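Please find below some notes on the packing and strand pairing of this entry, set out as numbered points for a colleague who will want the cut-offs stated.

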Amino acid sequence: MIFQSHGKIKIFGIFLLILFIVWFMLNFFESARNPDMKLGVSFDPEYAGSLSMDPAEVFRLLADDWQFRYFRLSLPWDKVESVRGTFDFTEMDYFLSEAQKRGARVMLAIGNKTPRWPECHHPGWVASLPPAEFRAALLNYLSVAVEHYKDNPAIEMWQVENEPFLAFGNCTRLTNDELRGEVALVKKIDPVHPVLVADSGELTLWNVTARAGDLFGMTMYRVVWSKYFGYWSYDWLPPSFYRLKLWLAGRPLQSSYVVELQAEPWAQNGSLDKMSIEEQNKSMDLVRLRKNLDYAKRVGAPRVYLWGGEWWAWLLKNGHNEIPDFVAGLNSQN
């Protein structure tokens, strides 16, 4: 028994040593800093409205006052087909028109799972559909959406699905074949614009998603909240962690974007406007925002989309100017 215990301790010690060596090597090889990183921003009109702001005014702030020219927008299924077979693109038509006027380029997210809670934005009428009929309805929404926007001058690329295999939100799990089928459908209807597939930066492997599209997108959250642990950070992860995952998945860094870099607080109890500034500062303040941007540069991706534009506008509206003033100078430096 003593020898068995010593053997287990030895194996565990070797395992810890290997982990330390891997961690050391990841920290040592940090030569990918990208001083020419381009900044974009995600924007959700519905979320801006939930913060009691005019979505058109928030977009104007992002595009005119803060000079963003790369936008990541979403086309949730429940917004465009709330009634089965009836499609309403009015809102997105408006924002794409505003983007076009400014020469901005748009990544448009579509699919079963698109950004922001509850992740999968299903219209109510799908609840009673059997799986095969649900799938047919989803593919029909994708087809109609791509057909409607494939010739829009503001469209730069499609994002098909968002973190499709991450068990998060009000979703049914997507299969590998279903993801590949959606990408193939979009590319068949629109062979001109590239397709990006995005996945969680920290919580999943990218063995399928990194190779599913023409481009790959990773999310990047630095301070999160858990009901079990409270606030905790990923500061211990070296930037080369993401490059290693790309290498293992066979995806070049040059065709990989950060599609969500955390630039707003983690809202563990719902909307940010229900949190005190003191609570918000626990996961996002100016020091943290600067740190996150520097970290993204050290990862080395050519483009990074910030996640938090609606919150910056809310800060400005409520007289908290430190972060809005900083954001106002970002693209003059970029």
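1. Two strands are taken to pair if DSSP finds at least two bridges between them, where strands (E, at least two residues) and helices (H or I, at least four) are DSSP runs numbered from the N terminus. This is a predicted model, in which local features need pLDDT of at least 70 and side-chain atom pairs count only at pLDDT 80 or more, while totals for chains, interfaces and linings use all residues. Residues are numbered from 1 along each chain as its sequence is written, and side-chain values use heavy atoms, with hydrogens and water left out.

2. Strand 10 (residues 303–307) runs parallel to strand 9 (residues 256–262), to which three bridges join it, and Val258 stands opposite Val304. Strand 1 (residues 38–42) is also parallel to strand 10, through four bridges, with Val41 opposite Leu306.

3. Five of the five residues of strand 10 are buried (under 20% relative accessible area with a 1.4 Å probe, protein chains only). Arg303, Tyr305 and Trp307 point one way, whereas Val304 and Leu306 point the other. In a regular strand the side chains alternate between the two faces of the sheet.

4. The largest nonpolar core (buried Ala, Val, Leu, Ile, Met, Phe, Trp, Tyr and Cys residues joined through side-chain atoms within 4.5 Å) has 93 residues, of which Phe68, Phe71 and Trp312 touch the most other members. Its largest share, eight residues, comes from helix 6 (residues 131–149). A second, separate core of eight residues includes Ala198, Tyr257, Val259 and Tyr305.

5. Beyond its neighbours within four places in sequence, Phe71 has contacts (heavy atoms within 4.5 Å) that include Val41, Phe43, Arg105 and Tyr305.

Note on methods
Buried < 20%, exposed > 50% of the residue type's maximum accessible area, 1.4 Å probe, protein only.
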